[in-house]
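User: I'd like a close look at one part of this protein, the space shut away inside it. Could you walk me through it slowly, and then show me what's around it?

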Amino acid sequence: MPTTISPQDLDGLLKGSSPFALIDVRETGEYNNAHIPGASLIPRRDLEAQMADAVPHSATPVVLCDDDARRATLAGATLEGLGYSDVSVLDGGINRWVTQEYPTEWGVNVPSKDFGEKVEVVHHVPEIDAVELQERIDSGEEIVILDTRTPEEYQRLCIPGGRSVPGAELALRITDITREMSDDATVVINCAGRTRSIIGTRVLQRMGLPNVVGLKNGTAGWSLAGYSLESGADRLELPDLSEEGIAAAEAYADRLAEEDGVQYIDADGLQALMARRSDETVYLVDVRTTEEYAAGHIPGFRWFAGGQAVQRSDEVAVVKNCPIVFCCDGRARATITASWYRQMGHEHVYALHGGTGEWQRAGNSLEQGHSPTQALGMDEARSKIRMLAPSEVPSAADASITLVGTSGGPAAYVRGAEAPAADAVIIFVGTSQQFAEAHVPGSRWVPRGWLEAQIAGVASDKAVPVVVTCVDGVASTFAGATLADEGYADVSVLEGGVNAWRQAGRDVEQGLSGVMSTPADVVPAGTDRGYADMMNYLRWEEELGRKYES
């Protein structure tokens with residue numbers, strides 16, 4: 001069993017310089033409401049899938065927390081079973097942390113958002129609001145709108161006429177983008193809210209580009225001003241790189257490296273850092289586009305687009321105070337991303353000078369494709385349960401199945417004369433949002449984080465067959481193994497999850513069927529928020545910067 005750590009000792013770790021990870025294992029909604037500053041979010045249901053990337057060295061000290069230490073203790077046992085040798089649980093959880101008057105904060109990706117607001121205040125990053133932007137467009141001014149979010153976010157909803165240029169690509173592509181513009185044109189940088197707009201605008205401001213502004217509050221601000229967003233935009237193609245554009249970006253990167261303390265390394269230096277991974281956590285991050293990464297990347301490097309790496313720094317660098325190496329094809333994108341990390345306070349930040357080309361020139365090879373990280377412990381988990389094809393899983397949608405109500409207990413399924421004596425209970429262990437979007441008809445929602453505490457409410461008899469489902473079959477496999485360890489005698493898992501179920505042409509049920517209280521596990525983002533929630537969120541983000549005002 002994991003040891004406990006007191007709030008006082010955890011506070012000392014957070015103020016120190018030793019490598020360690022503080023992981024909050026609650027759900028996103030709970031974390032959003034209040035969490036310990038410096039805690040990274042990995043819900044318990046995702047631990048096996050995310051830990052290999054989040055904490056790649058298994059001897060790294062890991063502190064787990066939740067509200068009262070119950071789920072963190074279960075999660076600690078899981079990590080120890082996966083080979084993590086230095087796991088502790090915050091004694092009494094966040095409840096005791098607060099009782100002893102240690103601070104909490106709310107929101108997600110707060111380190112990056114707080115930093116973004118600091119950048120805007122300290123460097124007087126220029127901005128334009130939605131109303132003024134629309135007036136200038138209507139007046140016929142030449143306006144170029146560059147959306148720094150992911151291509152997927154951009155295609156979903158964007159400012160009408162905007163063009164997709166993910167954040168890490170801005171400095172590299174801007175010289176060639178501006179060839180198409182007049183000297184009087186205004187460049188407007190936007191994202192969903194504030195942070196990526198501010199960061200992108202600051203990149204071009206520091207690069208010396210005239211007439212550049214950030215769209216205040218991004219697509220959210222545009223919607224709040226009463227304007228419509230465009231859906232399905234196809235302006236995704238990035239301009240071809242010219243020698244002039246590359247030279248300008250690399251000269252800018254070299255200046256940032258000198259001014260911000262980014263350390264350049266060559267292939268030999270990279271190999272020396274990679275060798276240290278057997279003794280400590282060293283993050284290796286490729287910040288190019290996903291297409292470039294798939295075409296050829298350095299073995300061991302994880303793909304994380306540069307703009308997102310800045311936006312979600314607490315997800316990239318879960319272990320504090322450890323080395324981080326960024327790589328691209330040359331040095332511009334890696335160095336610019338690394339400079340942001342240096343400005344955020346990370347000490348040991350490196351960029352591979354020459355990128356993948358330098359690696360190959362040193363006689364090393366590249367890997368192709370995206371190789372998803374194998375969830376830790378998957379083989380052992382599968383050995384404890386049976387995997388079922390969609391055709392083998394009963395559901396209330398089957399004509400040959402009768403849904404039988406039991407007094408005070410779960411619904412059961414009877415498949416004609418061939419039905420077993422005890423009938424299957426089907427549960428879904430993903431998020432409430434995933435459950436509402438699609439689940440096997442008749443399923444009950446039992447979130448994995450609370451599985452041991454809530455399973456008796458739907459399957460009190462451990463002899464009753466239980467079929468475990470989720471979206472893709474990963475979390476459900478581990479949840480099924482947990483139930484087997486808890487003594488359930490007949491546990492099976494839907495292979496491939498609801499995704500496979502739908503691909504097999506099976507009907508799904510939608511909505512929060514049987515959920516009697518408001519879930520607290522999902523936080524809406526961007527324009528998915530209601531107007532009041534959107535306004536409060538944007539005010540909160542802006543308020544983060546007040547402390548930096550002189």
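Which helices each supply at least two residues of the lining of the largest cavity?

Analyst: One thing before we start: this is a predicted model, so treat everything below as a description of that prediction.

To your question: the helices are H10 (195–207), H15 (306–311) and H17 (332–343), and each supplies at least two residues of the lining of the largest cavity. Helix H10 gives the most to that lining, with five residues. Keep H10 in mind, as we'll meet this helix again shortly.

Now for the cavity itself. The structure holds three cavities of 30 Å³ or more, and the volume of the largest is about 180 Å³. Its lining is made up of 17 residues, and the ones nearest the centre are Gly167, Ala168, Ile199, Gly307 and Trp340. If you'd like to find the cavity on screen, those five residues are a good place to start. As for the character of the lining, seven of its residues are nonpolar, eight are polar and two are charged.

Let's go on to the second largest cavity, which holds about 50 Å³ of space. Here 13 residues form the lining, with Glu120, Glu127, Ser197, Ile198 and Leu215 nearest the centre. And here's H10 again: helix H10 and strand E10 (212–215) are the elements that give two or more residues to this lining. H10 gives the most here too, with three residues. By class, the second largest cavity has a lining of four nonpolar, five polar and four charged residues.

Strand E10 is a handy stepping stone to what comes next. In the loop between E10 and helix H11 (218–224) you'll find Asn217. Is Asn217 buried or exposed? Its relative accessibility is 14%, so it counts as buried, because the cut-off for buried is under 20%. Asn217 also shows how a folded chain can bring residues together: Arg194 is 23 residues away in sequence, yet the two C-alpha atoms are 5.0 Å apart in space. Leaving aside neighbours within four places in sequence, Asn217 touches Ala192, Gly193, Arg194 and Leu538.

For a contrast, try Thr518, which sits in the loop between helix H23 (497–503) and helix H24 (531–544). Thr518 counts as exposed, because its relative accessibility is 72% and the cut-off for exposed is over 50%. Thr518 and Glu542 are 24 residues apart along the chain, and their C-alpha atoms are separated by 29 Å. Put that beside the Asn217 and Arg194 pair, with 23 residues in sequence and 5.0 Å in space, and you can see that spacing along the chain doesn't tell you the spacing in 3D.

Next, some rings. There are seven aromatic pairs in the model. One of them joins Trp222 and Tyr227, whose rings are 4.8 Å apart from centre to centre and tilted, with 45 degrees between the planes. The two partners differ in how much surface they show: Trp222 is buried, at 2% relative accessible area, whereas Tyr227 is partly exposed, at 25%. Elsewhere, ring pairs link Trp106, Tyr537 and Trp540 into a cluster.

We've looked at closed spaces so far, so let's take an open one. The second largest pocket has about 840 Å³ of space. It is lined by 32 residues, and Gly38, Pro111, Lys320, Met344 and His346 are the closest to its centre. At least two lining residues each come from helix H1 (7–15), helix H6 (110–123), helix H16 (313–316) and strand E14 (319–320). H6 provides the largest share, five residues. Sorted by class, this pocket's lining has 14 nonpolar, 10 polar and eight charged residues.

Last stop, a sheet. Five strands make an open sheet in the order E17-E23-E22-E20-E21, with parallel pairing. Strands E17 (386–388) and E21 (444–445) stand at the edges with a single partner strand each, so one side of each has no neighbour in the sheet. Further in, strand E22 (residues 466–469) and strand E23 (residues 491–494) run parallel and are joined by three bridges. To see how they line up, find Val467, which stands opposite Ser492 in E23.

Key
Residues are numbered from 1 along each chain as its sequence is written. This is a predicted model: local features need pLDDT of at least 70, side-chain atom pairs count only at pLDDT 80 or more; totals for chains, interfaces and linings use all residues. Side-chain values use heavy atoms; hydrogens and water are left out. Rings of Phe, Tyr and Trp (its six-membered ring) pair if their centres lie within 6.5 Å; planes under 30 degrees apart count as stacked, over 60 as edge-to-face and the rest as tilted. Buried means under 20% relative accessible area, exposed over 50%, partly exposed in between (1.4 Å probe, protein chains only). Two strands pair if DSSP finds at least two bridges between them. Helices (H or I, at least four residues) and strands (E, at least two) are DSSP runs, numbered from the N terminus. On a 1 Å grid over the protein atoms alone, a cavity is a set of points where a 1.4 Å probe fits but cannot get out, and a pocket is an open set with protein on both sides within 12 Å along at least five of seven lines; lining residues have an atom within 4 Å of a point. Grid points are joined across faces, edges and corners, and a volume is the space filled by probe spheres set on the points. Ala, Val, Leu, Ile, Met, Phe, Trp, Tyr, Cys and Pro count as nonpolar, Asp, Glu, Lys and Arg as charged, and the others, Gly among them, as polar. Contact means heavy atoms within 4.5 Å.
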